[in-house]
Amino acid sequence: MNFFNHNLQLMNLLDEIDSFIHTPDVCLYINASTLGASEGIGGMIIDLICNYVLSQSNIIPFVFFIDEVHRYTKSQYSEEEFHKGLTLVAREGRKKGIFLFLTSQNPQDVSPVLLGQIGTMLIHRLTHNDEIKAIKNHLDEYSVKQVKKLNQGESILTSINLMQNIFLHITKCNRKQDNDTPML
């Protein structure tokens, strides 16, 4: 419960979330990546947050960004069991004003039920057949064949709101990025 440390005063996670969802024009950053992905603790924290937020009323609409979502959706205790919190948000969150922005390099490790709720995807190169199989329902036959051939900076935008998929070439920004791959 004591998750935040502001000015050496411990804060309750649910109090911080409650303040965030009821206060306009604020952001809340929770870094669960340091909690140990292999133990499933991050997934439990995401589940706690999702279930808590869904139980609240009069929420100010927000976007829930989760980077490397595959870390937080699959249970470490069973190959078949997935954490259910994000799936509930994907199914029921829109009517409360909760929207998801999820990233993953491993779509096969994300619950198929959660993937089925996603309306828009930005897909970069995938080379493993299981990865492609996980997102195949979102693409037409031509796009499925192109996924393995995408180069750096290329992606496919697919959405239920588009009549056809859009192939994108993204020009790298000149701004310094803290996520560049180190050069050997």
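Okay, let's start with strands β6 and β7: residues 154–159 and 166–169 run antiparallel, joined by 4 bridges. Before I go on, remember that this is a predicted model. The link from β6 to β7 is a hairpin, and it goes through 6 residues. If you want a spot to click on, take Ile156, which stands opposite Phe167 in β7.

Now the other neighbour of that pair. β5 and β6 also pair in the antiparallel sense, again over 4 bridges. Here you can look at Met121, which sits opposite Thr158 in β6. Put those together and you get an open sheet of 3 strands, ordered β5-β6-β7, with antiparallel pairing. The edges are β5, at 120–123, and β7, each pairing on one side only. On average, neighbouring strands in this sheet are turned by 25 degrees against each other, ignoring direction.

Right, on to the core. How many residues does the largest nonpolar core have? It has 36, and the ones with the most contacts inside it are Ile17, Val53, Phe62 and Leu86. Plenty of elements give two or more residues to it, among them α1 (13–21), β3 (62–66), α4 (85–92) and our edge strand β5. Which helix gives the most? That's α2, with 7 residues.

Last stop, Leu86. Leaving out residues up to four places away in sequence, what does Leu86 touch? The list runs Ile46, Asp47, Cys50, Phe64, Ile66, Val69, Thr73, Leu100 and Leu114. So if you're scrolling through the model, Leu86 is one of the four residues with the most contacts inside that core.

Notes:
Residues are numbered from 1 along each chain as its sequence is written. This is a predicted model: local features need pLDDT of at least 70, side-chain atom pairs count only at pLDDT 80 or more; totals for chains, interfaces and linings use all residues. Side-chain values use heavy atoms; hydrogens and water are left out. Two strands pair if DSSP finds at least two bridges between them. Axes are lines fitted to C-alpha atoms, for helices over the stretch in contact, and angles run from 0 to 180 degrees between N-to-C directions. A nonpolar core is a set of buried Ala, Val, Leu, Ile, Met, Phe, Trp, Tyr and Cys residues joined through side-chain atoms within 4.5 Å. Buried means under 20% relative accessible area, exposed over 50%, partly exposed in between (1.4 Å probe, protein chains only). Contact means heavy atoms within 4.5 Å.
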